[in-house]
Amino acid sequence: MSVWFQLLLICKAHQDPIATNGDLFPWNKVRLPGKIVPVHYDLRIHPNLTSLNFTGTVKIEVLVKEETSLGKNVSVLEYPSHEQIALQAAEPLAAHRKYHLYIEFRASLAEGFDGFYKSTYRTVDGEKRILATTDFEPTAARMAFPCFDEPSFKATFSIKISRERQHLALSNMPKIMTLELEGGLLEDHFDKSVKMSTYLVAYIVCDFRAVSAVTSSGIKVSVYAVPEKWNQTHYALEVAVKMLEFYENYFNISYPLPKQDLVAIPDFQSGAMENWGLITYRETSLLYDPQTSCDADKLWITKVIGHELAHQWFGNLVTMEWWNDIWLNEGFARYMERVSVNSTYPDIQIDDYFLNVCFGAMARDSLNSSHPITNPSETPTEIMEMFDAVSYDKGACVLNMLKDFLTEDVFQSGVIRYLRRYSYKNAKSDDLWDTMANICSEEDFTGGFCYTRSQAQTHAYHHANMHLKEMMDTWTLQMGIPLIVVERSGKQVRIHQERFLKGVLQEDPEWAVLQSGYLWHVPLTYFTSGSGSVGKHLLRTKSDTIELEEEVSWVKFNADMNGYYVVHYEGDGWDSLINLLERNHTALSHKDRTNLIHNAFQLVSVGRLSLDRALDLTSYLRRESENIPLLQGVGYLEVLYRMMERRGISDVAEGLKVYIFFTFYLLATGTNPHVAWCWNIVIVRVL
């Protein structure tokens, strides 16, 4: 049989779907029923790299949870619309018993980048070479072998791969033996896997070379590449060893496999894929040449390796129950990029990169076409649409805000407890919130809610842990970003929230409708001219008031931009911050300065702040010494310049050009290398 379908074993029923043979298909849902579950797959694969097809057999041990129908004379029905096959007969399968299902299959190696597909590369002599590799996430394992292809159907796998002598075979687990077959073929047998989802199964037949090392805990780490690029694998090996050791320590959970391979695939669709024990990468995401690669390449490779290794715990060890919660995999992995790189390679400016991650998420999330982090998704097309900036980037930024809210130690403790509780299982968002809100030992319970006594005594802010699910649902179950409007008057700071939305102005008739129903529980942070520490306030209503200890000359919200919200300062709020930057810009961290520039121009884009005020804010940049606020300022000025130029508003465009010239060139005068460097960018982009 050709391979395109996931398995369905079920009683006969009269349903609307019609199978390919004209019979009624016994299931009308996209998702499989749960009455039969796989326990173990014995999978044998033989890819022919000459004919470009493959044959295989699979014996699946299944557990029957509820009585169903399957007999000796099995009938096979196909329903391509749902990518399903049904195996049915009149004789019942008894509940609570195990059975074995044996299927032979064949297919062509896929021409695209999903399923079991062919990849090619050319040697330095121009010879074309072919390899076969897999990429199954989210719903492509069914293209390679018949299976229960949903994340909750976890099972173990024993994989055997036939190959020619000049090739090597790789899979999730280490090779335990090789047999010689008739016709000169070799068959590699791989160790039985841990319990995992089908999308994490992987195997490769190729002629690559590897470099290897062993971690302090005894895990063999290998990096594979085409032979001519073997010398570009060493940096990735160094990073992978460091990262794997870091994660074992951070999660306080040993990496469960005896090896971890990282493989650079010549033809690869995404940046990388976290197959358990056999991570596949695009070559540009893994290979580093010290002679030709730049710092940006090093940042990219380091963070991608950190991302995929984080998945070995978040995604592989604990897997989301269904694809609507893919952010539990991808948001956490994106967040852990920052944590892991900061710990292992502190010289790499990952914090600056992470600011841009959140800026990008906000740009997507400020549109009415955005979607919630957790979003219904049933079909393969809907599932693929979940792999976007909202799941990855907004998910990471919301987790970073939660970490800042709970404190780093409390957040890490919750993560560890979550991973331990759901190891080799599936989880949903509510499971994470429940674990995060109950992270302490029994003696630390106070008032029916688990938080340490030291936390209970510090600030009422932490009592919000009691309502963590309620708080986090406002971030995951509704789309969009809150706009926090701040007005200071004496010792009082009045705050209110609304939805930050681009493309619709306050005076537009649809504005009120698009604002209706949106309310976030916002963990606000702030500091003032009179405070030496960061204040915290959980805004759970549309409006509230913060009482300061004294009158202050300025207040800045969203300390170090750890929060996922935009802030607008009414009254003299913006003026006081602009004056502060002119007098002493280092009174604010470079993250806070970048945050102000971002907020100001975002507010200009929705008509809440005049362009003059935003430009006044950027005038301090002639004294800026950090790259990220400079790049943020240059980026917005370039956008404005290009906009005026396209619209033919030549006088404004020329005025902007002059402003940029005076800000970044004449005032640099060679005394600030960062400004001089930024000026080179301005010349290329604008002037």
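**Exercise 1. Determine the handedness of the crossing of H12 and H14, and describe how the two helices pack.**

Step 1. The crossing of H12 and H14 is left-handed: a crossing has this hand if the near helix is turned anticlockwise from the far one by less than a right angle, and is right-handed if clockwise. Helices are DSSP runs (H or I, at least four residues), and strands are runs of E of at least two, numbered from the N terminus. The model is predicted: local features need pLDDT of at least 70 and side-chain atom pairs pLDDT 80 or more, while totals for chains, interfaces and linings use all residues. Residues are numbered from 1 along each chain as its sequence is written, and side-chain values use heavy atoms, without hydrogens and water.

Step 2. Two packed helices are described by the angle and the distance between their axes. The axes of H12 (residues 573-584) and H14 (residues 611-618) come within 9 Å and cross at roughly 25°. Axes are lines fitted to C-alpha atoms, for helices over the stretch in contact, with angles from 0 to 180 degrees between N-to-C directions.

Step 3. H12 and H14 are therefore roughly parallel. The cut-offs are under 35 degrees for roughly parallel, over 145 for roughly antiparallel and 65 to 115 for roughly perpendicular, with the rest oblique.

Step 4. List the contact (heavy atoms within 4.5 Å). H12 gives Trp 574, Asp 575, Ile 578, Leu 581 and Glu 582; H14 gives Arg 613, Asp 616 and Leu 617.

**Exercise 2. Classify the ring pair of Phe 25 and Tyr 79, and locate both residues.**

Step 1. Rings of Phe, Tyr and Trp (its six-membered ring) pair if their centres lie within 6.5 Å; planes under 30 degrees apart are stacked, over 60 edge-to-face, the rest tilted. The count comes to 37 aromatic pairs.

Step 2. Phe 25 and Tyr 79 are stacked, at 5.2 Å centre to centre and 25° between the planes.

Step 3. Phe 25 sits in the loop between strands E1 (6-9) and E2 (36-48), and Tyr 79 in strand E5 (residues 75-79), 54 residues apart.

Step 4. Phe 25 is buried at 0% relative accessible area. Tyr 79, at 15%, also counts as buried. The cut-offs are under 20% for buried and over 50% for exposed, with partly exposed in between (1.4 Å probe, protein chains only).

**Exercise 3. Place the pair of Tyr 247 and Phe 251.**

Step 1. Their ring centres are 5.4 Å apart and the planes at 5°, so the pair is stacked.

Step 2. Both lie in helix H1 (residues 234-251), four residues apart, about one turn of the helix. Both are buried.

Step 3. Tyr 247 and Phe 251 belong to a cluster linked by ring pairs, with Trp 313 and Tyr 422 also among its members.
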